[in-house]
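Colleague: Please give me a close look at the ligand and its surroundings. Start with the whole, then go to the parts.

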Amino acid sequence: MMPNYNSAAELRAFLEKEGLGMRKKFGQNFLINPKTRQSLVDALGAKPGCEVWEIGPGLGAMTDMLLKNDLRVKAFEIDNGFIRVLKEIFCDNKNFNLVEGDVLKTWKNETSNDSLNETFLFGNLPYNIAAVLLADFIEKGKTFSRIVVTVQKEVALRMAASAGSSDYSSFSVLCASAYKVKPLSVIKRESFYPQPNVDSMGVLLERSSPQEMPSGFFRLVRALFASRRKTVKNNLTAFLSSRFGKVQSQQLCADVLRENAISENERAENLDFNAFLSLAKSIENVRI
Ligand code: SAM
C-alpha cells in the first residue's frame with residue numbers, strides 16, 4: 001500500500017511497520033511538500049510517453065507523480081528496503097522500471113530508450129553523490145534534453161554560477177559545457193523528513209547545442225581550479241609540465257596564454273566556459 005507522502009508522522013509509522021529506517025549515508029530525506037514536488041515535475045516539462053530517469057525514488061513520492069503524467073520511469077535506487085516497497089507499489093505499472101544498486105555504477109549499463117531523442121533526468125538527489133553523479137554524466141558524454149534535480153542550495157549556486165562570482169568553480173564550467181543552468185526556487189529544510197541541516201534548491205538544466213570537447217578539457221578545467229589562490233599561469237604551468245615535461249612547460253604556458261589573450265596574472269575564477277574551451281583547443285594542437 002502507498003504511504004501518505006505528505007506527512008512526516010505517517011511516513012515514520014509506515015517505515016516502522018515495514019521494519020525500515022532512514023539511512024544518513026544514503027542521503028535519505030523525503031520531500032514531503034506536495035506542491036514543491038508538483039512544481040519540480042512541472043518544471044521538467046516531459047510529455048506523456050517520454051522516458052525519465054529518476055535518481056533515488058525512495059518510497060516513490062515523485063515516481064507516483066511522474067507515472068500519473070504517463071511518463072516511462074527508469075528509477076535508480078540503492079536501498080534494499082525501499083526497493084522492496086517500490087516493487088510492491090508499482091509492480092503492476094508497465095511504465096515503471098527499477099534499476100537496483102548504486103547509480104554511480106549501474107547507469108553505465110542502461111541505455112535511454114526514446115524514439116523522439118528527448119531524454120530527461122529527475123530526482124531529489126542524495127546530497128552525498130549529487131555533484132559527483134552530475135559530473136560523471138557530463139564527463140562521460142551522457143546528456144539529457146532536460147534535467148530537474150533538487151540539490152543542496154550551495155551546490156545549486158555553484159552549478160549556476162558565472163565567471164567572476166565567488167560560487168564559480170570547476171563544477172560550474174562542467175555544467176556550462178553541456179547545459180544552460182537555471183536555478184529554481186529554494187526549498188526550505190522544513191519541507192523534508194527527516195529535516196536536514198541545510199536548505200535545498202531545485203535546478204533546471206537545458207541541453208545546449210552539442211559540441212565536440214577537445215581531449216583533456218575536463219582535466220584542464222580541474223587543474224586550473226586546483227589551487228584557487230594561484231594564477232592561471234601557475235596552475236597551467238603545472239598542468240603542462242605533467243603532460244609535456246618541466247623544461248617545455250614555462251614557454252608553452254606563455255605561448256598558450258598569449259594566443260588566447262589571457263593575462264599571466266588572471267585567475268581561473270574569471271575565465272568563462274569559452275575561454276576554457278579555447279585554451280583546451282590550443283593545448284590539443286600543441287606539437288612538440
Ligand atoms: N525521491 C525521494 C523523495 O524525494 O522523497 C527520496 C529522495 S532521498 C533525498 C535520496 C534517495 O536516493 C534515497 O531513496 C536513497 O536511498 C537514494 N540513493 C542514495 N544513494 C544512492 C545511490 N548511490 N544510488 C541510487 N540511489 C541512491
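Modeller: Of the 288 residues in the protein, 51% are buried. Buried here means under 20% relative accessible area; exposed means over 50%, and partly exposed lies in between (1.4 Å probe, protein chains only). This is a predicted model: local features need pLDDT of at least 70, side-chain atom pairs count only at pLDDT 80 or more, and totals for chains, interfaces and linings use all residues. Residues are numbered from 1 along each chain as its sequence is written, and side-chain values use heavy atoms, with hydrogens and water left out.

The overall frame comes next. The protein has 12 helices and 9 strands (DSSP runs numbered from the N terminus: H or I of at least four residues, E of at least two). Its C-alpha atoms fill a box of roughly 70 × 40 × 30 Å along the principal axes. The accessible surface is about 13,900 Å² (Shrake-Rupley, 1.4 Å probe; for residues, only the protein chains shown count as cover). Carbon and sulfur atoms hold 47% of that surface. Take the contacts (heavy atoms within 4.5 Å) between residues at least 6 apart in sequence: 68% of them join residues at least 24 apart.

Now the ligand. It is surrounded by 22 residues, each with a heavy atom within 4 Å. The closest are Gln-28, Gly-56, Glu-77, Asp-102 and Asn-124. Three polar pairs can be named. A polar side-chain atom of Gln-28 lies 2.8 Å from a ligand oxygen. Pro-57 brings a polar backbone atom to 3.4 Å from a ligand nitrogen. Val-103 also uses its backbone: a polar atom there is 2.9 Å from a nitrogen of the ligand. Taken alone, the ligand exposes 600 Å², and the protein buries 98% of that. The elements that give two or more residues to the shell are β1 and β3. The cut-off for a polar contact is a pair of N or O atoms within 3.5 Å; within protein, one must be able to donate a hydrogen and the other to accept it, and residues adjacent in sequence count only if both atoms are side-chain atoms.

β1 and β3 turn up again around helix α4. This helix spans residues 80-90. Its buried residues are Gly-81, Phe-82, Ile-83, Val-85, Leu-86, Ile-89 and Phe-90. An α-helix has 3.6 residues a turn, so residues three or four places apart point the same way. The cover over the buried residues of α4 includes β1 (30-31) and β3 (72-77), together with α1 (8-17), α3 (61-68) and β4 (96-100). At the start of α4, a side-chain oxygen of Asp-79 comes within 2.8 Å of the backbone nitrogen of Gly-81.

Helix α5 covers residues 103-106 and holds Thr-106. Thr-106 counts as buried because its relative accessibility is 13%. Beyond its neighbours within four places in sequence, Thr-106 touches Phe-76, Val-99, Glu-100 and Gly-101. Phe-76 is 30 residues away along the chain, yet the two C-alpha atoms are 8.0 Å apart.

Asn-128 is in the loop between β5 (119-124) and α6 (130-139). At 44% relative accessibility, Asn-128 is partly exposed. Leaving aside neighbours within four places, Asn-128 contacts Lys-25, Phe-26 and Gly-27. Its side chain reaches the backbone oxygen of Lys-25 at 2.7 Å. By C-alpha, Asn-128 is 32 Å from Leu-240, with their positions 112 residues apart in sequence.

Thr-231 is in the loop between α9 (217-225) and α10 (232-244). Thr-231 is buried, at 14% relative accessible area. Outside its neighbours within four places, Thr-231 contacts Glu-264, Asn-265, Glu-266 and Arg-267.

Last, the backbone. Most residues other than glycine have a negative phi, and most peptide bonds are trans. Asp-70, in the loop between α3 and β3, has a positive phi near 60°. Asp-70 is partly exposed, at 46%. Ala-261, in the loop between α11 (246-259) and α12 (273-284), has a positive phi near 50°. Ala-261 is exposed, at 72%. The peptide bond from Tyr-193 to Pro-194 is cis, with omega near -10°. Pro-194 lies in the loop between β8 (192-193) and β9 (200-207).
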